[in-house]
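Trainee: Could you take me through one part of this model up close? I'd like to look at a sheet and the helices that sit on it.

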Amino acid sequence: MMKSLMRVLLASALGLVLSFGVSAKEKVTVFAAASLTNALTDIGQNFDKEHGTETVFSFASSSTLARQIAQGAPAELFLSANQKWMDYLVENKAVDSNSRVTLLHNALVLIAPKSSTAKDVSISASWDVKAAVADSRLAVGDPDHVPAGRYAKESLENLGLWAQAEPLLARANNVRAALALVERGEAQLGIVYATDALVSNEVKTLAVFPETSHKPIAYPLALVNSKPSAAAKAFYDYLQTDAAKGVFVKYGFIIK
């Protein structure tokens, strides 16, 4: 009787191990700027293959994600498209400030639909924004909260073009949404990151905005928890390896 009971208990225990073994992968939850979607998806897949983990991403505007983290969203790492929103989380003690590193840089470009007859332009104080946009719109991430839009506004202001451009804006809730407006031809011009233009087959780049017209486009990384899980710390370290940097460069990001 006792041997039979032991066999039943062992079989039950084995069944539990088998049933839960499939979901035993350690998860890593990463909140990241929308412009990083393609590169980080590839990097996450590579990391998971090597480490047997499950990396889950939430991509959106840096401002949206930063506010969610400040309110207690269960992110383990945050990769922002500008320093401001990382500053915000440091001030709110929502990330481990000692883990903060600037990982990447980017450039700001003017794009048009691939089918457009628009030719390359030189972005300067003499650029006629109104004539270039004509009866369409200039797609940008909303300058009120989207980093790409903030960089665009800063550049246009420094070039003396903001007064012309502001009434013509089609404001999107993140840079990829601005890219989509141009891809669909709903806006004949757009301002996005160079990396966004690079991953799209539906747009062409007409100009690069002068680096001196806006602050450096930097992507800071930080751990959300000062006591990260082993998997989260491993992914944080992996993002700074040559293997990950190679993927970032492939997608047009700048490593300095």
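Mentor: Let's settle one term before we start: "buried" here means under 20% relative accessible area, computed with a 1.4 Å probe on protein chains only. Keep in mind, too, that this is a predicted model. By that cut-off, buried residues make up 47% of the 256 residues in the chain.

Now to helix H8, which spans residues 175–183. Its buried residues are Val175, Ala178, Leu179, Ala180, Leu181 and Val182. What does H8 lie across? The answer is a run of strands, namely S5, S6, S7, S8 and S9, and the helix runs at about 145° to S8. Look at both ends of H8 while you're there. At its start, a side-chain oxygen of Asn174 comes to within 2.9 Å of the backbone nitrogen of Arg176. Just after the helix, Gly185 has a positive phi of about 75°.

Next, the sheet itself. Those five strands form an open sheet in the order S7-S6-S8-S5-S9, and the pairing is mixed. At the edges you'll find S7 (169–172) and S9 (203–208), each of which pairs on one side only. Going from one strand to the next, the twist averages 35°. For one pairing in detail, take S6 (residues 138–141) and S8 (residues 189–193): they run in the parallel sense and pair over two bridges. Ala139 is placed opposite Gly190 of S8.

H8 has company on this sheet. Helix H6 (residues 147–158) packs on it as well, touching S5 (108–113), S6 and S8. The direction of H6 makes about 115° with that of S8.

If you'd like a helix pair to set beside all this, go to H3 (residues 62–70) and H4 (residues 83–91). Their axes come within 9 Å and cross at roughly 10°. Angles under 35 degrees count as roughly parallel, and H3 and H4 are therefore roughly parallel to each other. On the H3 side the contact is made by Ser62, Ser63, Ala66, Arg67, Ile69 and Ala70, while H4 brings Trp85, Tyr88 and Leu89. Sorted by type, the residues of that contact come to six nonpolar, two polar and one charged.

Zooming out, the chain has eleven helices and ten strands. Its C-alpha atoms fill a box of roughly 90 × 40 × 30 Å along the principal axes. Of the contacts between residues at least 6 apart in sequence, 81% join residues at least 24 apart.

How values were computed: Residues are numbered from 1 along each chain as its sequence is written. This is a predicted model: local features need pLDDT of at least 70, side-chain atom pairs count only at pLDDT 80 or more; totals for chains, interfaces and linings use all residues. Side-chain values use heavy atoms; hydrogens and water are left out. Axes are lines fitted to C-alpha atoms, for helices over the stretch in contact, and angles run from 0 to 180 degrees between N-to-C directions. Helices (H or I, at least four residues) and strands (E, at least two) are DSSP runs, numbered from the N terminus. Angles under 35 degrees count as roughly parallel, over 145 as roughly antiparallel, 65 to 115 as roughly perpendicular and the rest as oblique. Contact means heavy atoms within 4.5 Å. Ala, Val, Leu, Ile, Met, Phe, Trp, Tyr, Cys and Pro count as nonpolar, Asp, Glu, Lys and Arg as charged, and the others, Gly among them, as polar. Two strands pair if DSSP finds at least two bridges between them. Buried means under 20% relative accessible area, exposed over 50%, partly exposed in between (1.4 Å probe, protein chains only). A polar contact is a pair of N or O atoms within 3.5 Å; within protein, one must be able to donate a hydrogen and the other to accept it, and residues adjacent in sequence count only if both atoms are side-chain atoms.
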